[in-house]
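Me: Got a model open here and I'd like to talk through how it is put together. Can you take a look with me?

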Amino acid sequence: MPAPAAHPPIPQSRYRLTRQADDAVRRMSGALARQGAGAHPIFAFLGALGGLPQPIKELSESLGLDFAAGPVLAGCRITLHAPLQIDRDYTVEAKVAGLERRPSRAYGAADHLHLAVALTEGGTPASEIALHIVFPAPEAQ
Amino acid sequence: MTDAPTFRFGPVSGADMARWCALLNDDNEIHLSRDAAEAAGLGPLRINPGPANLAVLMNALLDGENEGALREVEARFLGNVREGDHLCARRDGGSAALYRADEEAPLLTATFRFGDQE
């Protein structure tokens, strides 16, 4: 079971939002063509997770979570302070906002991970995301 | 949920799931391997990453003019999208929901807030 309180800080990292990635996302999601330099808003999510200094699997396991159990994305809240832009480098600042084990109808018990990730550019906030990921905790059943 | 035409998307590509995973730096095998999806009790087909579903739902509200004005999205992921699925998204004002084309239960719901255009 993960420790309930303080979690090690997640090192700051960088995310390069490329036009190639935006082109791919638009093609893969049926989006309209890009206008100007504006990236698809889903990059608030992609930049947050893809820009972490380690894959979400490694981050989860470092917190004692069972990634192999099949985590489920439960929800997210995205705030865009301004449109994200292609061909820009963003600073990625992430922290564990919460981690708790709760009873689960589906799994018996589950660990609820809350991650908060912000993208900034030159110190100016660009986007924020609050992620809620649920990890089955079968050993607690 | 009928204040705008239904946005349709599909079939969901299994090959694209690997591309989404690369963008997300996500190693979750349920997106990459049918065996892994089955072993996880999710059936014999790969599972689309949640952000890929959210991108499709966003597109139901984005018209090219308002994309830069999107300010907030709050989403709840309620069900899995599988490779081969045909999806439809329906909007109702600032809310929208994503469905498998022949089903009534939403797989994803979200509320959207737009601000002033930049």
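Me: Which residues of helix 1 of chain A meet helix 3 of chain B?
Reply: On the chain A side they are Val25(A), Met28(A) and Ser29(A). In helix 3 of chain B they meet Ala52(B), Ala55(B), Val56(B) and Asn59(B). Contact here is when C-beta atoms, placed from the backbone, lie within 7 Å. Helices (H or I, at least four residues) and strands (E, at least two) are DSSP runs, numbered from the N terminus.

Me: What classes do the residues of that contact divide into?
Reply: Five nonpolar, two polar and no charged for helix 1 of chain A with helix 3 of chain B. Ala, Val, Leu, Ile, Met, Phe, Trp, Tyr, Cys and Pro count as nonpolar, Asp, Glu, Lys and Arg as charged, and the others, Gly among them, as polar.

Me: Is this predicted, and how is everything numbered?
Reply: It is a predicted model, where local features need pLDDT of at least 70, side-chain atom pairs count only at pLDDT 80 or more, and totals for chains, interfaces and linings use all residues. Residues are numbered from 1 along each chain as its sequence is written, while chains are lettered from A and ligands numbered from 1 in the order in which they are written.

Me: Back to those helices. At what angle do helix 1 of chain A and helix 3 of chain B pack?
Reply: About 75 degrees, with the axes 9 Å apart. That makes helix 1 of chain A roughly perpendicular to helix 3 of chain B. Axes are lines fitted to C-alpha atoms, for helices over the stretch in contact, and angles run from 0 to 180 degrees between N-to-C directions. Under 35 degrees counts as roughly parallel, over 145 as roughly antiparallel, 65 to 115 as roughly perpendicular and the rest as oblique.

Me: And how do helix 1 of chain A and helix 1 of chain B cross?
Reply: At roughly 140 degrees, with axes that come within 11 Å. Helix 1 of chain A and helix 1 of chain B are therefore oblique to each other. Their crossing is left-handed, meaning the near helix is turned anticlockwise from the far one by less than a right angle (clockwise would be right-handed).

Me: Which residues make that contact?
Reply: Ala21(A), Ala24(A) and Met28(A) come from helix 1 of chain A, and Asp16(B), Arg19(B), Trp20(B) and Leu23(B) from helix 1 of chain B. By class, that is five nonpolar, no polar and two charged.

Me: How many residues does the contact of the two chains take?
Reply: 33 residues from chain B and 33 residues from chain A. On the chain B side, helix 1 (14–24), helix 3 (50–59) and strand 2 give two or more residues each. That side divides into 17 nonpolar, six polar and 10 charged.

Me: OK, strands now. What order do they take in the sheet?
Reply: It's an open sheet of 10 strands, 1(A)-3(A)-4(A)-5(A)-2(A)-2(B)-5(B)-4(B)-3(B)-1(B), with antiparallel pairing. Two strands pair if DSSP finds at least two bridges between them. Strand 1 (13–17) of chain A and strand 1 of chain B are the edge strands, each pairing on one side only. The twist averages 20 degrees from one strand to the next.

Me: How many bridges link strand 2 of chain A and strand 2 of chain B?
Reply: Five, in the antiparallel sense. Gly75(A) has Arg76(B) as its bridge partner, and Thr79(A) has Glu72(B).

Me: What does Arg76(B) partner in strand 5 of chain B?
Reply: Thr109(B). Seven bridges join strand 2 (residues 70–77) to strand 5 (residues 106–114) in chain B, antiparallel. Strand 4 (residues 95–100) of chain B also runs antiparallel to strand 5, over five bridges, and a hairpin joins strand 4 to strand 5 through five residues.

Me: Where is the cis peptide bond in chain B?
Reply: From Gly10(B) to Pro11(B), with omega near 0 degrees. Pro11(B) is in the loop between strand 1 (7–9) and helix 1 of chain B.

Me: What about phi of Asp87(A)?
Reply: Near 60 degrees, a positive value in a residue other than glycine. Asp87(A) lies in the loop between strand 2 and strand 3 (88–104) of chain A.
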